[in-house]
Amino acid sequence: MVETAETETLLEVSNIEVIYNHVILVLKGVSLKVPKGGITALLGGNGAGKTTTLKAISNLLHSERGAVTKGSIHYRGERVQELSPEALVKRGVIQVMEGRHCFEHLTIEENLMTGAYTRSASKGAVSADLEMVYTYFPRLRERRKSQAGYTSGGEQQMCAIGRALMSRPETILLDEPSMGLAPQLVEEIFGIVRDLNAREGVSFLLAEQNTNVALRFAHHGYILESGRVVMEGPAQDLRENPDVKEFYLGVSDEGRKSFRDVRSYRRRKRWLA
Amino acid sequence: MLYREAGDFKTTYAADSQTFPIAFDRWRYWAVLAVAWLVIPFVIDDYWANAILVPFLIYSIAAIGLNILTGYCGQVSLGTGGFMAVGAYSVYKLMTAFPDVSMLIHVVLAGFITAAVGAAFGLPSLRIKGFYLAVATLAAQFFLVWLFNKVPWFYNYSASGQISAPERFVGGIAVTGAGTAPAAQYLICLFFVTLCALLARNLTRGSVGRKWMAIRDMDIAAEIIGVNPLTAKLSAFAVSSFFIGIAGALFFAVYLGAVEVGEAFGIQKSFLVLFMCIIGGLGSIFGSFAGAAFLVLLPVALKVLGVDLLGWPSSTVAHLQLVAVGALIMFFLIKEPHGLAQLWRIAKEKLRLWPFPY
Amino acid sequence: MKDTAAPYVTTDGRQIGDVLMDMRGITLRFGGVEAIKNISFDIREGEIRAIIGPNGAGKSSMLNVISGFYNPQEGEVWFRGEKRPAMKPFQVARLGIARTFQNIALFDGMSVLDNIMTGRLTHMKTGMLSQMIWKGRAEREEVENRAVVERIIDFLEIQAIRKTPVGRLPYGLKKRVELARALAAEPKLLLLDEPMAGMNVEEKEDMSRFILDVNDEFGTTIALIEHDMGVVMDLSDRVVVMDYGRKIGDGTPSEVRNNQEVIDAYLGVAHD
Amino acid sequence: ELVVPDLSYRTGPYAANGTPFSDGYQDYLNLLNARDGGIGGEMIRINECETAYNTEKGVECYEATKGDSPLIYEPLSTGITYQLIPKVSADGIPMHTLGYGRTSAAAGETFPWIFNYPATYWDAASVAINYLLSENNDDLSGKKIALIYHNSAYGKEPIRTLEALASKHGFTLSQLPVDPPGQEQKSQWLQIRRERPDYVIMWGWGVQNQVAIQEAANVGFPMDHFIGNWWAGAEPDVMPAGMAADGYKALNMNRVQDYPVLKEIQAQVIDAGNGAGDGSNVGQVLYIRGMYNAMLTAEAIAKAQELAGTSQITAAQMRAGMEALEITNARMAELGMEGIGPEFKVSCQNHSGSGEGLVQQWNAAEKKWVPLTDFITPDKSVIDPLIAEDAAAYAAENNITPGCL
Amino acid sequence: MSADILYTFEVVINGLMSGVLYALVALGFVLIFKASGIFNYAQGVMALFAALTLVGIMEGQVPFAHVINATFGTDIHTFGWTVPALLGIALTLVVMIVFAWMVHTFVFRHLVGQEPIILFMATIGLAYFLEGVGDLMWGSDIKTLDVGIPQGGSLWVENISAHLGGDDFYGFFIDKLDITASIVAAILVAGLIVFAQYTKQGRAMRAVADDHQAALSVGISLNFIWVLVWSLAGMVALVAGVMWGAKSGVQFSLSLIALKALPVLMLGGFTSIPGAIVGGLIIGVGEKLFEYTVGPMVGGATENWFAYVLALIFLVFRPQGLFGERIIERV
Ligand SMILES: Nc1ncnc2c1ncn2[C@@H]1O[C@H](COP(=O)(O)OP(=O)(O)OP(=O)(O)O)[C@@H](O)[C@H]1O
Ligand SMILES: Nc1ncnc2c1ncn2[C@@H]1O[C@H](COP(=O)(O)OP(=O)(O)OP(=O)(O)O)[C@@H](O)[C@H]1O
Ligand SMILES: [Mg+2]
Ligand SMILES: [Mg+2]
C-alpha cells in the first residue's frame, strides 16, 4: 500500500459543520485529508453523513437547502467553499452521486459526452476518452444507444462512473458505488477504481457502506458516525481493529457469523450516543 | 419554550388523531370560531362584507376544494373556474325552478351536481398526469364556459345571457338578492365554510385522505400497495368539485348577484384559486384560508396604499399593482415554496426550540 | 413434477408448506427486449425464497410480474392453486401480496405513521360518508388499525420516528419503514426487492432479524432479491438464479452455490 | 362636494379603449372645477376605481366607493351594469349607462334607477339598418347581412332587434360569434369570404375590432360595407390596420369634430397639469365620448340642484334630475360642443332618450373619422315592443310593480 | 371540383397557417420546459413585452415616460428619433437577453429544485409583473408594429387557384403574413433542433432537464444554461410578438396567445421542438375545420375549447403527447 504520510495532500477538509434547512445539524465538525494518488475511504452507517460530506466538498449542498456553516475546505491549498460546482469540476474534482443519477432521457453515449462538458478538448481527444471508457466498461458500449432510464442498475452505475471519467478528473468523489450491484460487478468496479488509481493516477474519496470491500481497496480510511469522525487510519490498521471487525465487517473472533444467528440480538454499544 | 407539546400526553389513539393534538392550538381554534360566529355578525357592515369577508370566505371554500385535489391528491387542475360556473348555474336553475325551497338545500345540491361534473372531467386523470393533466383540465374550463354561454336553457333565455339571482331565503331571512343584509350574506357563507372545513379535515385525516396522498406522492407505488387509482382520483375530483361547486354557487348567488360566465368564471379565476392554494400551502386546510385571505387582502391593501395614501394616479397604481402582485407572488414562492402554512409551522418549531436556534 | 401435497422438505432438511405461488413459463418483453424468457418456478408457503442474478437479469421485473405491475406476454401465474387472471396491481395487493421496492418508494409527503397506515388501506373499508362524519365508524376503524400499526412499529423498533416526515429519514430507516408498510398489510406473500442494499453489516443484521421474525412469527412467505450472498445463503430456503432473463439455477443455497453456471454468471468466485 | 365615481379601466385587454374615455370624462369635470368652481358652487370630487373591464372588480369598486355618498355610477361595461342593476336599485343610487348596458332599462317604470340615454344598443342596431335602407333605396329584401359579435352579454344584445328587423325588411342575418378577446378570427372571415354577405355589422370591443378590420382587409371585404357599432369605431380600432382600414364605417352617438370646449380643456386642465392622462388622447372618438358623458352627468347634476333647491344634492335628488334632463342644441352650443349629440328629453317612461345615432367613416390618410350622416332616428316601432316585453319579464321575475317614483 | 370541397380545403390550408403561428408561441414554452422543467406561462407576456419594446425602440419612445412625467411633472414622450427595423430587432434581442438574465438571477435561481407547480406559479407571478412593467414602460395604448412584413391575401395564389372551381369559387385565400410566418418558423425550428440535438450546449440543456443535481455534479453551469434558454425563449417570443403584433396591433391581448399555445404543447409534447410544430398544425387545422363544419350547428365560437378537447383526445392515447419523451415509469 502507498505510504500516505509523505505524499502531497490534495484535498483537506477541516472541521466543517453542515446544516440543512437552517435547523437540522448533520455534520458536527468533520476533518479529513485526501492525499494525491491515494484511495481514501469514508465509512459509516446510514445517515452518518458520508453523502453530506461529499456534497459539501463538491458544493452540491446549496440546491438541497444545506449549507456549510463552519470550517473550511481546501483543494490544493485553495479555499474552494465558495466556488461553484463547475469551477470545482474544472479544477479536477468530480462527484459520482449516490443512486446513480444518470440523465434518464439521454442515451448512454450522450450521458458520457456530458461528462466532457467543462473540457475544451478537441473532438479527437474526447472520442479517445470515450473509447477508454468503453474499454473499461464494455457493457456500456453494447448499450450506447439506449436511453439511460431503461438500463439496469448496474449499467447506470457504470454510466455514472464513466461520465465522471470523461472530465479527465484528478480526484473523484465516489458515493456508494457498490450499492445494489451484483458481487461480481462490485469486484469489477472496485478493480477499475484501483486500475484508474494506479494507471491514471486519479485520487479517490470513496464513501461506502460495504466496509469489507472498501477497506480491501482503499489505502486510508475514516469512519464517520452521527456527523463526527470517530476513527481514522491506514486501511490495514482499520481492518485489524477488533471494533471495526465486529461492527463493520461482521466478523468476530470465531469468524464470520451467520445472519441466521442474529435472532435475539440487540444493538450493541456505540462509540457515540 | 413558549410553545410546548411535551407534557401534553395522549392516552388513546383517538386523541392522537384529533385535529389539534396540542391543547394550545385547540383553544385558539375555538376562540377564532367564537369570534367568527358570535362577534363579527353584529359589527359587520356592507364594505367589510362585500369587499373582504364574503369573498374571503367563498374563496376559502374554493381553495379547500382545490387543495383536496391538488394539495392532497396531487392532480393539478386549472378547471376551477369552470367548476365554479357549474355550481353557479346549478344553483341558478334550482333557485328559479324551486323558489320555495331553502337556499341551503339548493347550494348543497349545486355542490353535488358539480361533483358529478367534476368526476366526469376527472376521468382523463387516469391516463394523463402532471402538467398534461393541468392543461387538459383547461378543456373543462373552456368547454363549460362556452356551454353556459351558448345554451340558452342555462340562463333561462335571458337576452344578454347573464344570470341574476332573485331574492331567496333561509328560514325567512333573505340571503340572496340586492336587499340582503351584510350579516346574512356573511353568515350563510360562514356556515358553509365551517361545514366544508370540517368535512375536509375529516376526509383528509382518515383512510380516504391517505389514499389521496399516496397517489400524490407516488401513484405507481400507491397502486401496488392496494390503492385503486380510479376510485381515489375520481373521489378526489368529486369531493373537490363539490366544494368548488358550493363556492361557485355562493359566489354567484350571495356575493355577485349576477354573473356573466366568461368574466366571472374565466381562466383567471382558476389561476387565482390555485394561487391561493399554493401561497397558503398545498396539502393544508389552514393554508387554504391563509392563501385566500392573502390574495383577497393584497389588492385592497395595495389600492389603499397607492391611491388613498400616496395619491398616485389610479392608472399608475393599477399598473404598479400588477407589478407588486407579481413580485410579491414570486417573492413568497422564493421565500417559502411551501406556503404560509409552512411558515407557520416553522415559526412554531422555532418557538418550541426557543431559546436555542436548533 | 410439482408436488402439491404437503409437507415438502428441501434437500437441506427444512420443512416448508404447499405451493403458494406458481409461475409457469413467464415471458416478458419490452418492445424488442426480452427481460424474462420462459421462466417457471414456485414459491411455497412459509419459505424464504431468494431470487438472485446479475444486474439487469430481470429479477425486479419478475417481482413486478408477481405484483401485477407488468403483465407478462406469455405464461401463467397461479396463486393458491388457482390461475390468476390478468389483474391490476391494486387487485393483486388485495389478494394479500405486499412488497417493498428497489428504489425506495415511500410517500415523501407523509409521516412515518401515515406511510405505514397506507399499508392498512386494503383492510379499511368505511365509505366516504362515514369518513366525512368521522365520529363513529370511521374513528373506530382508524383506532383499530392504528393499534395494528403500532404493533408493527414496536416490532421494527421505529417508535421514535413515528411522526417524522419520511423525506428526512436516512436511507436505512426508510427501508425499514417500507418494510413496516408492507407488513401492515398482513400479507400472505411478502416480496422484498433488495432490502439490504446500501446497508452496513450491523444494519443488515437487524434487517435479517426482522425478516426471520416475520417469517417465523407471522408465518409470512417471503420472496427476496438480494445481492449480498452472505445474506442470501444464510436466510433463504431455496434460491432461483436468473441471468439475462433466463433461469440458470434453482435449489437450496448449497446446491446453487456449487452450480458452475451460477458461479460463472454471477458469483465470480465460489463464495465461502 | 359632489362625489362622482369613475369606474375606469386602464389595464387589461381593454385598456386602450378605457383610457381615452376616462380621460375625457375626468378632464371635463376637472374643467368645471377649474373654470366654474364645480357645479352650482359645489366642487366635484372624482373617485376613480380600476375595474379592468372585469365584472367582479367592478362590483368591488362599487362596494368600495358607495360608502362615500356618490351621486351616480357609470361603469362603462355592460357586464358590470348587469351586476349593479339590482344593487343600485336597492341602495338608491342612480346608474347611467351611455349607449351600453341593459337596453330594456329604457323602461323607466321598471328600472327607476337605471338610465341609458341618449341611445341603446337596440337603437344602434336599428340605426345601422336604417342607414343601410337609405343606401339601398329603402329595400333590403334578399340582402345578406352578417353580424360578427363579441361573445358576451354585450355582443349578444343586438341580436333580438336585428332578428326582428330581418323579418320586417326581408334580409337574412347570419351570426358569427367571436370569443373574447378575439385574436383569432380566421374561421369567421373565411366564412364571410365564402358567403359574401352584402354587409357586415360588428358588435366588437377591444382587440376584436382591430383584428376584424385587418382580416376584412385581408380577405378583401369592401370596407365601406363593413359597419361597426359605436363601440367599434374609435382610433385604436382602425389604426393598427393602417391604410387597409380606409373607408371602414361605424356608428357614433357623438359627433367628432373640433369643439371649442376642447381648447378650454387643453388650456385650463391639461396645460395646468391636472389632466387625467397625458393629453395625447384629446379629440379622439372615445375621449370626446367620455367628455360627452361627463357633460350629460354635469347637466343632470345642475338639473337636480335646480329641482332640489340645494347645491349639495343626494343620490335620490340626482335621480330626479336625470329623469328631468333635457338636452337641447342651444344648450350644447352654449357649452362649447355644438351638435355633439342628438337633442333628447328623459322622462319616467323613457330613460333612453332619442336613440339617434350617426354614421361616420374612417379616413386613413388623414387619420380622421368623418361624419357621413346626420343623426338617424331608429325604428321605435320595432324596438319599443321588445323593450316592453323584456322589462315585463324582468318585473315579473323580480316582483316589481312598474311605476314612477 | 365542387366549391364546397375547395372551400373546405381552403379552411385546411388556413388552419395550417394559423397552426404555425400558434407553434411559434409554443416553441418558447418547449425550450424552457425542456431545460428547466419550468412551465413558463409568462411566454405570452414575453411576446407582448418583446413586441412593445421593439415598437418603443423603433419609435424612439422614452421608457417609463408616464411615470417620469407623473413624478417630476415633466412632459417627455419620445427622444425624437426613429430606429430602423433591423437595428430595432437587434436592440430588442439585447433587452430580452438582459431580461433573461434578470429573471434567472432574481427569481428562478432561488427556486432550483422546487416542484414543477411552484415554478409554474412563479411564472404566472412573472407574467403579472412583466405585464405591469410593460405598461409602465411603454404605456397601455395600442401600437402599430410595422417591420415591413407584407400582409393581406396573396392575389397570386388567389388568381392561379381561382379556375379550380366554378363561378362561386374565388380562389384560395392565403395571407402573406402567414406565409412569412411559416418560413420564419421553419428556419427557427430547424435551427433549434440542430442546437438541442447536436451541440454540446444543447446536450447540456437536456441533461439539466433530466437531473439538476447530476448536471451540477458533472460541472454544467445551471446558471449559464438557464440564462441561455431564457434568452432563446425571449428570441422566440420576439418572433412571435412580431408576427402576432403585425396581425392585431401591439397591446395587452397579445399576451393571451399563450392560451392558444397550451393545447398545441399538450398535443405535441412539452419537450419536443418538432412536436410544437406538428401540434400547432394539427390544432390549427382541427379547430378551423370544426368551427367551419360543426360550428354553425352549435352556435359557433368553438375554437377555444375545441383545441383543448382535441388535444385531450390525443393525450388519452399518448399521455406524453405525440412527440413528448416517454414517461419512464419503473419501480
Ligand atoms: N436534504 C436534507 N434535508 C434534511 N436532512 C437531510 C438532507 N439530506 C440528508 N439529511 C440528513 O442528514 C443525515 C446524513 O445524511 P447523509 O445522506 O449524508 O448520510 P450517509 O452517511 O450518506 O448515509 P447513507 O449511507 O444512507 O447514504 C441524515 O440523518 C439525513 O436524514
Ligand atoms: N419498463 C421497462 N421498459 C423497458 N425495459 C425495461 C423496463 N423495465 C426493465 N427493463 C429492462 O429489463 C431488464 C431487466 O431489468 P430488471 O430491473 O428486472 O433487472 P434486475 O435484475 O432487477 O437488475 P438489478 O439487480 O440491477 O436491479 C433490463 O435490461 C432493463 O433495462
Ligand atoms: Mg449516502
Ligand atoms: Mg432490480
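# Exercises on a predicted five-chain assemblyStrand β7 (residues 171–175) and strand β8 (residues 203–208), both of chain A, run parallel to each other and are paired through five bridges. The model is a predicted one, and the exercises below begin with these two strands.

## Exercise 1: From one pair to the sheet

**Task.** Find the bridge partner of Leu173(A) in β8(A), then work out the strand order of the open sheet in chain A.

**Solution.**

*Step 1.* Start inside the pair: Leu173(A) has Leu205(A) as its bridge partner in β8(A).

*Step 2.* Now widen the view. The open sheet has six strands in the order β6-β7-β8-β3-β9-β10 (chain A), and its pairing is mixed.

*Step 3.* Look at the two ends of that order. β6 (93–96) and β10 (228–234) of chain A each have a single partner strand, so one side of each is left without a neighbour in the sheet.

*Step 4.* Add the twist: on average, neighbouring strands of this sheet are turned by 15° against each other, direction ignored.

## Exercise 2: Helices on the sheet

**Task.** Which strands of chain A does helix α1 (residues 50–58) of chain A touch, and which does helix α6 (residues 153–165) of chain A touch?

**Solution.**

*Step 1.* Take α1 of chain A, which packs on the sheet and touches β3 (39–43), β6, β7, β8 and β9 (220–225) of chain A. The direction of this helix makes about 150° with that of β7(A).

*Step 2.* Turn to α6 of chain A, which also packs on the sheet. Its contacts there are with β6 and β7 of chain A, and its direction makes about 175° with that of β6(A).

## Exercise 3: The interface of chains D and E

**Task.** Describe the contact between chain D and chain E by its residues, its buried area and its salt bridges.

**Solution.**

*Step 1.* Begin with the residues: chain D brings 32 to the contact and chain E brings 45.

*Step 2.* Next comes the area. About 3100 Å² is buried between chain D and chain E, and carbon and sulfur atoms give 52% of it.

*Step 3.* Look for charged pairs. There are three salt bridges between the two chains; one of the pairs with a salt bridge is Glu184(D) with Lys288(E), at 2.9 Å from N to O.

*Step 4.* Count the polar contacts: seven residue pairs across the interface of chain D and chain E qualify, with both residues at pLDDT 80 or more.

*Step 5.* Ask which helices are involved on the chain D side. α1 (15–36), α7 (186–195) and α8 (207–218) of chain D each supply at least two residues to the side that touches chain E, and α7(D) gives the most, with seven residues.

*Step 6.* Finish with the classes: this side of chain D has 13 nonpolar, 10 polar and nine charged residues.

## Exercise 4: The interface of chains E and B

**Task.** Which pair of chains has the most contacts among the eight pairs that touch, and what does the chain E side of that interface hold?

**Solution.**

*Step 1.* Chains B and E have the most contacts among the eight pairs of chains that touch. Here 53 residues of chain E are in contact with 41 residues of chain B.

*Step 2.* The area buried between these chains is about 4200 Å², of which carbon and sulfur atoms give 81%. In chain E, Met121(E), Tyr128(E) and Trp305(E) lose the most area to chain B, together 15% of what that side buries.

*Step 3.* Check the polar side of the account. The salt bridge count between chain E and chain B is zero, while seven residue pairs are in polar contact, both residues at pLDDT 80 or more.

*Step 4.* Trace the helices. α4 (85–107), α5 (116–138), α11 (258–268) and α14 (303–317) of chain E each supply at least two residues to the side that touches chain B. With 16 residues, α5(E) gives the most.

*Step 5.* Sort by class: the residues on this side of chain E divide into 34 nonpolar, 13 polar and six charged.

## Exercise 5: Backbone details

**Task.** Where is Pro118(D) placed, where is Pro181(D) found, and what is phi of Glu194(C)?

**Solution.**

*Step 1.* Pro118(D) is in the loop between β4 (114–115) and α4 (121–135) of chain D. A cis peptide bond, with omega about 5°, joins Tyr117(D) to Pro118(D).

*Step 2.* Pro181(D) belongs to the loop between β6 (172–178) and α7 of chain D. The peptide bond joining Pro180(D) and Pro181(D) is cis, with omega about 5°.

*Step 3.* Glu194(C) has phi near 50°, a positive value in a residue other than glycine. Glu194(C) lies in the loop between β9 (189–193) and α7 (201–218) of chain C.

Definitions and conventions
Residues are numbered from 1 along each chain as its sequence is written. Chains are lettered from A and ligands numbered from 1 in the order in which they are written. This is a predicted model: local features need pLDDT of at least 70, side-chain atom pairs count only at pLDDT 80 or more; totals for chains, interfaces and linings use all residues. Side-chain values use heavy atoms; hydrogens and water are left out. Two strands pair if DSSP finds at least two bridges between them. Helices (H or I, at least four residues) and strands (E, at least two) are DSSP runs, numbered from the N terminus. Axes are lines fitted to C-alpha atoms, for helices over the stretch in contact, and angles run from 0 to 180 degrees between N-to-C directions. Contact means heavy atoms within 4.5 Å. Buried area is the accessible area (1.4 Å probe) that two parts lose on being put together, summed over both. A salt bridge is a side-chain nitrogen of Lys or Arg within 4 Å of a carboxyl oxygen of Asp or Glu. A polar contact is a pair of N or O atoms within 3.5 Å; within protein, one must be able to donate a hydrogen and the other to accept it, and residues adjacent in sequence count only if both atoms are side-chain atoms. Ala, Val, Leu, Ile, Met, Phe, Trp, Tyr, Cys and Pro count as nonpolar, Asp, Glu, Lys and Arg as charged, and the others, Gly among them, as polar.
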